[in-house]
Amino acid sequence: CRRWSLPNAEHYALQYVDGRQTYITESNRGEIKNGSILRLTTSPDQEAERLHSGIQSNNSDVKTDSLKKLAGLSQDVTFAQEFINRNGLKQIFHIVEEGNATGEMLAHTLKAFMELMEHDFVSWETLSAAFIKRIVTYVNMSSVDASVQQLSLSILENMVPTSRLLFELVRKEVTLDRLLTHLQATNAQLQVKAMALLIALLLAAADAERRDMMDYLQEKNIRQFIHKNIIHSSEPLGDEMAHYLYVLQSVSLNLCERRMRTSMDPYSQEQRELLQSLRQTAFESESEASSGNFSTERRRSLCAKEFRKLGFTNNSNPAEDLRRAPPGLLALDNMVYFSRHTPNAYSRFVLENSSREDKHECPFARSSIQLTLILCEILHVGEPCSETAQAFYPMFFGQDHFFEELFCICIQLVNKTWKEMRATQEDFDKVLQVVREQITRTLSLKPTSLELFKTRVNALNYSEILKLRQMERLHQEETLAVPVLELRERLKPELLELIRQQRLLHLCEGTLFRKISSRRRQDKLWYCRLSPNRKMLHYGDVEEGVCSAPIESLTEKIPVADMKLLLVGKECLHTKEKSSGKQNKDVLELAFSIVYDTEEYCLNFIAPNRYEFCLWTDGLNVLLGKEMTSERTQTDLDVLLSMELKLRLLDLENISIPDTPPPVPKPPSNLNFCYDFSQAEQ
């Protein structure tokens, strides 16, 4: 102010030019960043005084401009406090209650009111009945500007959570039908604000009120409308609407919480009848006709047998299985729904498994109880809504009785996966873990309908789950990254050489073999080993009980240079002898021969086990200068590569490796490291 010779410096303040145009005060001056553009303007108290007078002007243009400026400046907490201290809110209440303001002037007034209330200097409960009634009127009237209706809906949304009295007032004055009308508007912002008020009412309602409201919305087909006109509209879904749809889904699913947390009452006639209906639906044809003449004891025994076939753990008192809460009565509801709405699938499930005698039967009731618990955990039933989440399932809004219908698909998936895994009762937890993974993986794809979910979840069979797990494990270990694959190929020759040396060392240690006579009697032992200089193969007969024969005791020998060929399996002459009769498959798998000298002589082996067979055939191939071909070579190579890679990548843990190497910079223009000695000598 001194620089520009402005008197009364206290009447001025600095303000950000960009963004929210906040005033600079002693409390926020430390937040100024380098490069911020500030301007010198009138101080908040002077501006508040000027606008407080302006909104009382009789000139409508001055009044509208003042309200517009007020709506913008009210975002700043310093200005808002100055304006409220001058009793500015009372003037805004007067403008609204008077009812003369319309269009742009009214929109600026409501906007200013919203911004001032955001700072929490004044309680929402202090609003007058006349003001609230006027706001409700703007929501309920059809011939009101859309921007005014949006702001009015926002004001009511903010009022509802603050007190029970305001909730009851808004719920009474703004009907659900009116909110549904706003939801059907073509204006996307109006839809969002109407949905926001609807969600606020649902969250503030008591359990019984919420249930009644949801039942009414269900009657009005709100799900189908949302599925068709909001989720699948031509306009992309905004983050705010996505959050409200998530909350609506969560509130709807949480209606199951009461049944989920209620254990079965064995003395409840209604619940016992539901339980008996499961048995009667499955076994009516075979039990009802024959049980008429049975005694009470015999009938009880028959019922217990049928409940056991249904898969209840406690077949004499199946109600005990449903005492655990969660899932409580919700599991019983799901089973009854499945038996009544898909009776053919229900009967097929129960009868198919109850008639099996090979311990591979899938218990329907036990699976249903556990599956219900899994679905409750996946869908977060009974958990409070997140304030930021947007993860709703589009198919939820395309289906009535969503939870029950999802259960019907998933219980059949349990049976299918059980058969694919050839599971027994001991594998129960393992099967349900796979089913949980199948459901979560399919839900993550956000299928738009239950039919699509059913198709995808059934396609994701047990073998696919195993493949996905393997791929994820490899990605987690970064063994599929391009640089790692290149490193793997570079390490292979070195590790293959290590395996070759190990095979040759094993041959040098030697192995005890049995001779098999023409009658297949294993009656003689012989020992074979490679000389330390790897030039001679020594062999000879040994006595029973000898574990290792010294090289001097082995009288026969074959020079490695004379070895021509290695034969394995059916290629070996000693497996083709006519006197041997029917070939023994085990002998075939363990037989190998060395052809030496002029291809007239063979040294025949029958390895004691597959491990020795692999090591000897590999070692002999190394001596012949050929590739090692046994399955053991690949296994050992994979183990060594895995260990070596993990050691090499130890320092790169939690560091992502790029697929392509960073570019090598061009050499500098003055790259000249040669020193001219001839000039120095001169």
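Q: Which residue forms a salt bridge with glutamate 168, and how far apart are the closest N and O atoms?
A: In this predicted model, the partner of glutamate 168 is arginine 164, with the closest N and O atoms 3.1 Å apart.

Q: Where do glutamate 168 and arginine 164 lie?
A: Both are in helix α8, which covers residues 164-173. They are four residues apart, about one turn of the helix.

Q: Is glutamate 168 buried or exposed?
A: Glutamate 168 counts as partly exposed, because its relative accessibility is 39%. Arginine 164 is partly exposed too, with a relative accessible area of 38%.

Q: Which residues are linked with these in a network of salt bridges?
A: The network consists of Arg164, Glu168, Arg171 and Glu209.

Q: Turning to arginine 503, which residue forms a salt bridge with arginine 503 at 3.0 Å?
A: That residue is aspartate 618, and the 3.0 Å refers to the closest N and O atoms. The pair links distant parts of the chain: aspartate 618 belongs to helix α26 (residues 610-623) and arginine 503 to helix α24 (residues 482-509), 115 residues apart.

Q: Are aspartate 618 and arginine 503 buried or exposed?
A: Both are buried. For arginine 503 the relative accessible area is 0%.

Q: And which aspartate has its closest atoms 3.2 Å from arginine 503?
A: Aspartate 636 forms a salt bridge with arginine 503, and 3.2 Å separates the closest N and O atoms. This pair also links distant parts of the chain, with aspartate 636 in helix α27 (residues 631-648) and arginine 503 in helix α24, 133 residues apart.

Q: Why does aspartate 636 count as buried or exposed, whichever applies?
A: Aspartate 636 counts as buried because its relative accessibility is 17%, and the cut-off for buried is under 20%.

Q: How many salt bridges are there in the whole structure?
A: A search of the whole structure finds 29. The protein has 82 positive and 94 negative side chains, and the centres of the two sets are 5 Å apart.

Q: On the overall fold, how many helices and strands are there?
A: The protein contains 28 helices and nine strands. Its radius of gyration is 42 Å, well over the 26 Å that the globule rule gives for 682 residues, so the protein is more spread out than a compact globule.

Q: What does the C-alpha trace span along its principal axes?
A: The span is about 130 × 125 × 40 Å.

Q: What share of the residues is buried?
A: Of the 682 residues, 43% are buried. The accessible surface comes to about 38,000 Å², and 49% of that belongs to carbon and sulfur atoms.

How values were computed:
Residues numbered from 1 in each chain as written. Predicted model: local features only at pLDDT ≥ 70, side-chain atom pairs only at ≥ 80, totals over all residues. Heavy atoms only, no water. Helix = DSSP H or I, 4+ residues; strand = E, 2+ residues; numbered from the N terminus. Rg over C-alpha atoms; globule rule 2.2 N^0.38 Å. Buried < 20%, exposed > 50% of the residue type's maximum accessible area, 1.4 Å probe, protein only. Areas by Shrake-Rupley, 256 points an atom, 1.4 Å probe, with all protein chains shown as cover. Lys, Arg positive; Asp, Glu negative; His and termini not counted. Charge placed at Lys NZ, Arg CZ, Asp CG, Glu CD. Salt bridge = Lys/Arg side-chain N within 4 Å of Asp/Glu carboxyl O.
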